[in-house]
Each structure stands twice: as structure tokens, then as C-alpha cells.
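Colleague: Please give me a close look at the cavity region of this protein, and then work outwards from there. I'm still new to reading structures, so plain words would help.

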Amino acid sequence: MSYLKFDKTMLINLEESLLREVLRTNRKGAYHCTTIVDCNTRKYHGVLVMPVPAIDDENHVLLSSFDETVIQHGASFNLGIHKYGGNNYSPAGHKYIREYTMDVVPRTVYRVGGVILEKEKIFSKTDNQILIKYTLRDAHSATTLRFRPFLAFRSVKDLTYCNNRANLSYQEVPNGIKMCLYSDYPDLYMQFNKKPKFVYEPYWYNGIEYPKEQERGYEYKEDLLVPGYFELPIRKGESIIFCAGDIQRKGLKNLPEEFEAEVRDRTPRSSFFNCLKNSAHQLAYRPNNGDNIYLLAGYPWFRVRARDMFVAMSGATLCIGEEDVYKQLMNSAIPALQTFMRDGMPDKVIREINEPDVLLWAVWNIQQFSLKKGVEETKTLYGELVNEIISYIIAQRHPYMKVSSESGLVYCEGANRPLTWMNSVVNGKPVVPRTGFIVEHNALWYNALCFAKELNGDGTQPEIDRLIKLLDHSFPATFVNKYNYLFDYVNNKEQDWSVRPNMVVALACPYSPLTRLQKKGALDIITKELLTPKGLRSLSPKSNGYRPNCSGSQHERDLAYHQGAAWPWLLGMYLTAYIDLFKWGGVSFAERMLISLEEEISQHCIGCISEVFDGNPPFEARGAFSFLMSIAAALQVIDKIETYNVE
């Protein structure tokens with residue numbers, strides 16, 4: 001039985017099927033994304049979406065849709081589907097779908113009378129190309145397939161409209177054509193493994209709608225160009241493969257063998273773990289096929305972000321047995337970190353590297369490697385980097401973070417500029433203006449100092465020992481309040497009494513200045529007020545300003561993003577702390593909590609976990625539909641549970 005299988009009853013119900021999306025990527029930032037019935041509901045959806053460096057650093061939709069039509073006895077049955085005004089869907093190709101599975105690759109089975117047609121998709125790992133395989137499983141008479149490409153040639157952030165600027169001409173290439181609607185775009189090659197007939201019949205399809213954009217308060221209607229259609233006869237048992245990409249394919253007759261080789265190279269999505277592993281792989285990013293490799297923060301709109309990458313790196317690599325990938329990622333990140341510390345220069349690929357907690361998360365990330373591979377190997381590979389980070393911060397060289405000489409705590413001025421992961425902004429001001437001594441920054445700072453001492457042993461700087469002793473007293477004295485949880489931040493005499501999840505970092509770090517009793521008290525409050533089946537709320541319902549629903553316009557979402565919405569990545573920290581406190585009792589609890597996350601694997605972007613969820617039932621998924629930190633957190637918890645089970 002398939003782990004990810006959807007039957008006819010659900011597929012023909014658009015209220016259910018349009019909520020479920022499918023994502024396939026390569027390592028260059030390009031991707032294929034749509035719903036499981038192939039109806040685009042976002043402007044980010046497309047058969048082929050890819051970076052176009054000649055224009056900007058965003059992705060661009062070249063081929064939006066690719067509609068199939070089955071022709072028998074002169075009768076046409078269009079398998080495509082698009083949304084138009086008035087809640088009209090045309091053509092209604094979803095009514096022909098009998099089954100959708102995603103064990104290895106996305107596979108759709110259509111039935112039209114006596115015709116059974118199977119469609120499978122593969123996105124190249126290395127090239128900006130998608131392969132779509134059509135296999136005629138059954139037919140009782142001569143069958144022809146017709147294909148209509150819907151072209152966009154626009155940024156994922158924009159929409160396109162009928163115009164006179166588009167270049168409607170095409171050129172024939174082996175077994176297909178190439179087109180380029182606008183200058184600076186690459187040619188789009190559309191080819192088959194056998195020669196089709198192409199009928200040139202350019203036409204603009206007007207008023208196609210994207211309901212997800214309408215929900216989010218954006219423009220949601222666009223026009224797409226169909227230059228004509230391809231036709232090919234197909235015999236029972238025969239497979240036809242279509243290839244769309246930015247380079248001309250050679251050896252087209254070998255496409256079936258190449259397709260099968262690509263399928264064999266994929267990890268089957270046969271379990272929760274394998275789905276997460278595949279999702280982690282999909283977020284790998286190797287620009288221009290160079291030596292450097294990074295992790296994208298999420299799809300469809302995030303690029304590489306420093307904090308996200310260091311928080312998630314160990315979960316997305318070490319927890320799936322990919323030590324070599326971890327080392328490659330660190331080899332790419334270390335020069336960027338050193339350039340920032342030595343020259344104050346940001347990195348062109350790793351964004352937000354100057355945020356104050358990034359260096360602390362980098363040390364935490366190296367510490368996760370140490371827990372897996374041991375202190376000696378860690379010291380050899382990354383000991384110098386850890387020491388440089390600690391020295392850089394102690395020397396007060398960070399532009400946004402300073403060390404208090406009296407308490408040893410680190411201080412950030414975040415009243416007018418967000419300096420933590422809670423970084424939403426409205427009208428140029430932080431929605432959550434966290435400033436002063438920030439709880440997770442100082443928990444990570446204490447942890448980093450102790451880890452540096454562990455690496456250096458007797459060679460530890462005296463200043464590190466002095467700061468650790470200061471923090472042993474000043475951290476609990478500053479943050480632990482009389483209600484047994486931690487202040488979110490303390491700024492001079494101002495104490496933020498809001499119950500927020502950031503204190504969980506102090507409970508989950510391997511080194512903490514808190515006693516076991518203090519940890520348990522804080523964990524109890526988190527469990528009672530912040531825990532949901534999908535993650536930790538960013539604010540307690542008992543606190544002022546609670547906004548659980550992260551929906552509506554951009555303004556409304558920004559207000560709710562960190563004011564009540566639940567975050568899965570924090571669940572990883574929470575369950576780590578829970579297991580460390582309660583041992584075997586914590587393991588069984590963590591296993592039960594993971595079940596609710598596993599449910600999401602088949603509910604939204606298939607095989608992925610979303611960025612954020614509403615803080616109240618029914619806990620709807622919001623934000624990026626495949627989010628690096630969410631995926632890595634689940635992998636870290638699974639790995640921790642497995643460690644206990646092995647022991």
C-alpha cells in the first residue's frame with residue numbers, strides 16, 4: 001500500500017484537492033510546483049520555475065501549465081484545469097483522475113472511457129529541466145495526445161497580461177520548438193522523445209485566477225499565452241516523454257532510459273522519515289553548479305538565510321546520515337562568517353549573516369556535530385572558528401550585540417530594528433520590539449562559552465571562565481521570574497512578562513545556567529500555554545495582543561506572525577528539552593507529538609512541513625509550504641528518539 005496515495009473521491013473534490021500541493025526542485029533553485037490535480041492556485045506555481053540571473057535574483061515562471069488532451073474517434077477530452085472568475089474551473093480535467101500517488105515520483109492515473117493514461121514527473125537534480133512521462137496503459141482504439149503549453153515568462157512576484165511586447169515567434173528544434181517571449185530571458189525548449197506535430201495557433205487565455213494570492217491580499221488574475229499545440233499518436237503500452245528546460249536536449253531517444261535512471265536514484269517516500277529526508281534534499285542549493293552548497297530557508301519564496309541554515313543544518317544532514325554534506329555546507333559558510341567578522345562585509349548568498357544571534361547559532365550548530373562525531377574531530381575541523389567567534393563577540397566588535405562587563409550578558413538594541421528571529425515589521429517598526437537582554441541570545445551565549453571551554457580544555461581563555469561564572473548567577477537572576485518561567489527580554493528595569501517560546505532555547509541547549517527545577521518550571525508553563533499539536537505558539541493566549549490566525553492581507557499576517565501563530569521548529573527545541581528532563585517518559589511523549597506533524601505530510605505540500613500554523617484549532621498551515629527549520633526540527637526529534645531506542 002502506498003504511503004502517499006489519494007483516491008478519486010478526494011481528487012474530484014476541489015475543496016480538498018486544491019489544498020494539496022506538490023513540489024519538486026533541483027540544486028540550482030529551480031522547481032516545479034502545483035496542486036495534485038495540476039491546477040495552479042498560486043502565482044508561484046508552474047511546470048518550470050527557475051532563476052534568471054540576467055534579470056534579478058528571483059525565480060521566474062517560464063512554463064506555467066501543460067494541458068493534456070486525449071483524442072479518440074475525433075472526440076477530445078481535455079485533462080487540464082484552470083480557475084476563472086465566478087469560481088469556474090475549465091476545463092474540468094480533474095474529473096478524469098482516478099488515482100494520485102507519490103511514492104517515488106508524482107504519478108497521476110486518468111481514465112477516459114476505455115483509455116487509462118498514466119502521467120509521471122521528474123525534475124532534474126542538476127539542470128533546469130522537467131521530464132513528464134505519459135504511458136498509455138489501456139486503450140481499445142487509436143489514441144492521440146494533444147498538449148498545450150501555457151507560457152508566462154515573468155517573476156514569481158508578478159503577474160503577466162496580454163500585451164504586444166511578447167515575441168510570439170518560435171523556432172523548430174529536434175522533436176519540438178523553442179520560444180522566448182521577452183529579452184533577457186533564456187529560450188524555453190519544449191521537446192519530446194519522438195517527433196510531434198506542432199500546430200502554431202497563438203492565443204492569450206485571459207483571466208486565469210490564483211485563489212491563494214486572493215486570500216493573501218495580492219493581485220490574483222493573469223493572462224497566459226498558448227502558442228499552439230503538439231500532437232502525437234500513442235499506442236497501448238507506449239510511453240511518451242516531454243522535456244521542458246532552458247537548454248536543448250540531445251539524445252532524445254534515450255529519454256525513457258534516463259527517466260528510469262532518475263527514478264531509481266530517488267528515495268521512496270515510504271515513511272515519515274523518508275518524506276522529511278526528501279524534503280531536506282529539495283532545499284539544497286548549489287548555485288551555478290559550483291563547489292559551494294547552501295540550504296534554502298524554504299519554498300516557494302525564501303532564499304538562503306543565515307539563521308535558518310545554522311539552526312537546521314545538523315538536522316537536515318547529520319540526522320539523515322549525511323556527514324559529508326554537513327562538511328560541504330560548513331566549508332561554504334565558514335568563509336562568509338570570517339569575511340563578516342574580519343571585514344564587516346555581508347555575503348552575497350547567505351543573507352542576514354550580520355544578525356546578532358547568527359554567530360551563536362553557528363556555534364550551536366557545530367556543537368550538534370560534536371555530539372555526533374566527538375570533541376576531537378570537532379576541535380580539529382571547527383575549533384578555530386569557534387574561538388574566533390567567541391573572541392569577536394568578547395572584543396565588542398559585533399555591530400548589533402555588546403557584552404555587559406558587569407553581568408556577562410549580551411545586549412541588543414532592537415526597539416527600532418528587529419534583531420531576533422521574531423522579525424516581522426509593520427510601518428517600518430518591529431511588531432515585537434524585543435530589546436535589551438534577550439533570553440535566547442543569552443542562553444546561546446552561555447552555551448557557546450561553555451562549549452568553547454569544552455573544546456579548549458586547559459587552554460581556555462581566562463575571560464571565558466570569568467564570563468561563565470558571571471552568567472551562572474546573572475542569567476537566572478535576570479530572567480527567572482516568580483511565576484517559574486523566563487522573561488522574554490529585560491531592558492534596564494523593563495521586564496517583558498509575555499509568555500513566549502524563546503525561553504525554550506535555554507532549556508534545550510546542552511549547557512544551561514538553569515537548575516533542573518527551573519527548567520521544569522519553565523517547561524510546565526510552555527506546555528500549558530504554548531504547546532499545540534503543530535508547534536509552540538509565539539505568544540500565550542493569556543498575554544495581551546494574542547492573534548492566533550496568521551491569515552488575511554500582508555499587514556494582518558505580519559501582525560499575527562509572532563503574536564500567537566504556532567511554529568514547528570520550536571517544537572524540536574521543546575521536545576529536546578522534554579526528553580532531556582524526563583528521559584524515557586519524554587521519549588513516549590515525543591513520539592505521540594510527532595504523529596500530529598506526520599499528519600501534515602499528506603495535508604498541504606505533500607511530503608513537507610509548513611513554516612507556521614494558526615495558534616488555535618483547526619491549526620491551519622500558513623506561510624512557506626516547505627520550510628527548512630520545520631523539517632530539520634522533526635528530523636532532530638526522530639534522531640533523538642532513535643538514540644534512546646538504540647540505547
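Modeller: Start with the strands around the largest cavity: β3 (31–35), β4, β5, β11 and β12 (129–138) each supply at least two residues of its lining. Keep in mind that this is a predicted model. Among those strands, β5 gives the most, with five residues. The space they surround has a volume of about 140 Å³. In total, 18 residues line the largest cavity, and the ones nearest its centre are D38, V47, F66, K119 and K121. Sort the lining by class and you get six nonpolar, seven polar and five charged residues.

How do we find such a space at all? Rolling a probe the size of a water molecule over the atoms shows where empty space is left. For this model, the count comes to four cavities of 30 Å³ or more.

Now look at the second largest cavity, which holds about 50 Å³ of space. Its lining is made up of V22, T34, T35, I36, D38, Y100, P106, R107, T108, K119 and K121. See the overlap? D38, K119 and K121 line the second largest cavity, and these residues are also among those nearest the centre of the largest one. Strands β3, β10 and β11 each hand over at least two residues to the second lining. By class, that lining splits into four nonpolar, three polar and four charged residues.

R107 from that lining is a good one to follow next. What does its side chain pair with? R107 forms a salt bridge with E118, and their closest N and O atoms are 2.8 Å apart. The bridge joins strand β10 (residues 107–112), where R107 sits, to strand β11 (residues 115–123), where E118 sits, and the partners are 11 residues apart. E118 has a relative accessible area of 4%, so it counts as buried. R107, at 23%, counts as partly exposed. The pair isn't on its own, either: K5, E99, R107, E118 and R137 are linked in a network of salt bridges.

The structure holds 45 salt bridges, so here's another one to find on screen. K157 pairs with E58, with 3.2 Å between the closest N and O atoms. This bridge connects distant parts of the chain: K157 is in the loop between β13 (143–155) and β14 (171–173), E58 is in the loop between β4 (46–51) and β5 (59–72), and they are 99 residues apart. So one end of this bridge sits in the loop just between β4 and β5, and both of those strands help line the largest cavity. Is E58 buried or exposed? With a relative accessibility of 16%, E58 counts as buried, whereas K157 is partly exposed at 45%.

One more acidic residue is worth a stop. E238 lies in the loop between β18 (221–234) and β19 (239–245). Its relative accessible area is 12%, so E238 is buried. A polar atom of the E238 side chain lies 2.8 Å from the backbone nitrogen of R235. Beyond its neighbours within four places in sequence, E238 touches Y134, T135, L136, K194 and P233.

Last, compare those cavities with the open spaces. The largest pocket has a volume of about 880 Å³. It is lined by 39 residues, and R216, W301, R557, Y561 and G623 are the closest to its centre. Helix α14 gives the most to this lining, with four residues. The classes come out as 15 nonpolar, nine polar and 15 charged.

The second largest pocket has a volume of about 680 Å³. Its lining has 29 residues, with Q368, L371, T576, D580 and K640 nearest the centre. Helices α6, α8 (358–373), α12 (504–508), α15 (568–582) and α17 (628–646) each give two or more residues, and the largest share, eight residues, comes from α17. This lining divides into 18 nonpolar, six polar and five charged residues.

Note on methods:
Residues are numbered from 1 along each chain as its sequence is written. This is a predicted model: local features need pLDDT of at least 70, side-chain atom pairs count only at pLDDT 80 or more; totals for chains, interfaces and linings use all residues. Side-chain values use heavy atoms; hydrogens and water are left out. On a 1 Å grid over the protein atoms alone, a cavity is a set of points where a 1.4 Å probe fits but cannot get out, and a pocket is an open set with protein on both sides within 12 Å along at least five of seven lines; lining residues have an atom within 4 Å of a point. Grid points are joined across faces, edges and corners, and a volume is the space filled by probe spheres set on the points. Ala, Val, Leu, Ile, Met, Phe, Trp, Tyr, Cys and Pro count as nonpolar, Asp, Glu, Lys and Arg as charged, and the others, Gly among them, as polar. Buried means under 20% relative accessible area, exposed over 50%, partly exposed in between (1.4 Å probe, protein chains only). A polar contact is a pair of N or O atoms within 3.5 Å; within protein, one must be able to donate a hydrogen and the other to accept it, and residues adjacent in sequence count only if both atoms are side-chain atoms. Contact means heavy atoms within 4.5 Å. A salt bridge is a side-chain nitrogen of Lys or Arg within 4 Å of a carboxyl oxygen of Asp or Glu.
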